[in-house]
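Visitor: I'm new here and would like a quick tour. Could you walk me through this one?

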Amino acid sequence: MSLSGGCQCGAVRFRVTGEIRHTSLCHCRMCQKAFAAPFGAFASVAIASMEWTRGERKRFQSSNAVARGFCGDCGTPLTFEAAIGGKNIALAICAFDDPDQLPPQRQSDIEARVAWLPHVGDLPIPSAEDVAVQAAKYGPRTSFQHPDHDTDAHDTDIGPG
């Protein structure tokens, strides 16, 4: 198996060629803050089975036991790196080019889960008409996000892929 991924701007890219040990959602407050989201979603892999193919991540020591990697250019969260052991690294699932291949298998720190998260599936979904009204209101958009595949450059003006 070979899976690639990277940050939003394309400055940092990675490839995993080994087995995914497990996938998980972490609801702890540190993951909520690091992702600015209800949880962090991670795929744990052996460090020996992955490589950084472009750029280098920056790190923030979020506790005495964990450093979190991110892109220093666009801020995309990329890693959860435990100080103990050092043989595995957890990569952000949605930083992978195809996160659908990595469905979560377990959850942790459920006691910190935001209270409204279990009800997200009950929220209304916009109709096609609502989507069209929004599109007309804001006009056409051009994405400057790096495409979901490896490229020779990380220029953000390459548009969607």
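What follows is a short chat between a visitor and a guide.

Visitor: What is the mean pLDDT of the chain?

Guide: Keep in mind that this is a predicted model, so confidence is a good place to begin. Across the chain, 95% of the residues reach a pLDDT of 70 or more. The mean pLDDT comes to 92.

Visitor: Over which residues does pLDDT stay under 50?

Guide: There is one stretch to treat with care, and the model has 13 contacts for it beyond four places in sequence. The residues where pLDDT stays under 50 are 157–161.

Visitor: How many helices and strands does the chain have?

Guide: Let's read along the sequence: the pattern goes β-β-β-α-β-β-β-β-β-β-β-α. Counted up, that secondary structure comes to two helices and 10 strands.

Visitor: Which residues have the most contacts inside the largest nonpolar core?

Guide: That core has 22 residues. β2 (13–16), β3 (20–26), β4 (40–46) and β9 (88–92) each supply at least two of them. Phenylalanine 14 touches, among others, Met50, Trp52, Leu78, Leu91 and Phe96, leaving aside residues up to four places away in sequence. The residues with the most contacts inside the core are Phe14, Val16 and Phe96.

Visitor: How many residues are in the second, separate core?

Guide: Cys26, Cys31, Phe42 and Ala90 are included in it. The full count for this second core is five residues.

Visitor: Is isoleucine 125 buried or exposed?

Guide: First, its place: isoleucine 125 lies in the loop between β10 (106–108) and α2 (128–138). Its relative accessible area is 76%, and the cut-off for exposed is over 50%. Because 76% is over that cut-off, isoleucine 125 counts as exposed.

Visitor: And valine 120, what is its relative accessible area?

Guide: Valine 120 also sits in the loop between β10 and α2. Together with Trp116 and Leu123 it forms a nonpolar patch on the surface, with about 320 Å² of accessible area for the three together. Valine 120 is partly exposed, and its relative accessible area is 36%.

Visitor: How far apart in space are isoleucine 125 and glycine 139?

Guide: In sequence, isoleucine 125 and glycine 139 are 14 residues apart. From C-alpha to C-alpha, the distance in space is 21 Å.

Visitor: What share of the chain's residues is buried?

Guide: Looking at the outside, the chain exposes about 9900 Å², with carbon and sulfur atoms supplying 54% of it. To be buried, a residue needs under 20% relative accessible area. Of the 161 residues in the chain, the buried share is 35%.

Note on methods: Residues numbered from 1 in each chain as written. Predicted model: local features only at pLDDT ≥ 70, side-chain atom pairs only at ≥ 80, totals over all residues. Heavy atoms only, no water. pLDDT = per-residue confidence, 0-100. Contact = heavy atoms within 4.5 Å. Core = buried A, V, L, I, M, F, W, Y, C linked by side-chain atoms within 4.5 Å. Buried < 20%, exposed > 50% of the residue type's maximum accessible area, 1.4 Å probe, protein only. Helix = DSSP H or I, 4+ residues; strand = E, 2+ residues; numbered from the N terminus. Patch = residues over 30% accessible without salt bridge, like charges linked within 9 Å, V, L, I, M, F, W, Y side chains within 5 Å. Areas by Shrake-Rupley, 256 points an atom, 1.4 Å probe, with all protein chains shown as cover. Salt bridge = Lys/Arg side-chain N within 4 Å of Asp/Glu carboxyl O.
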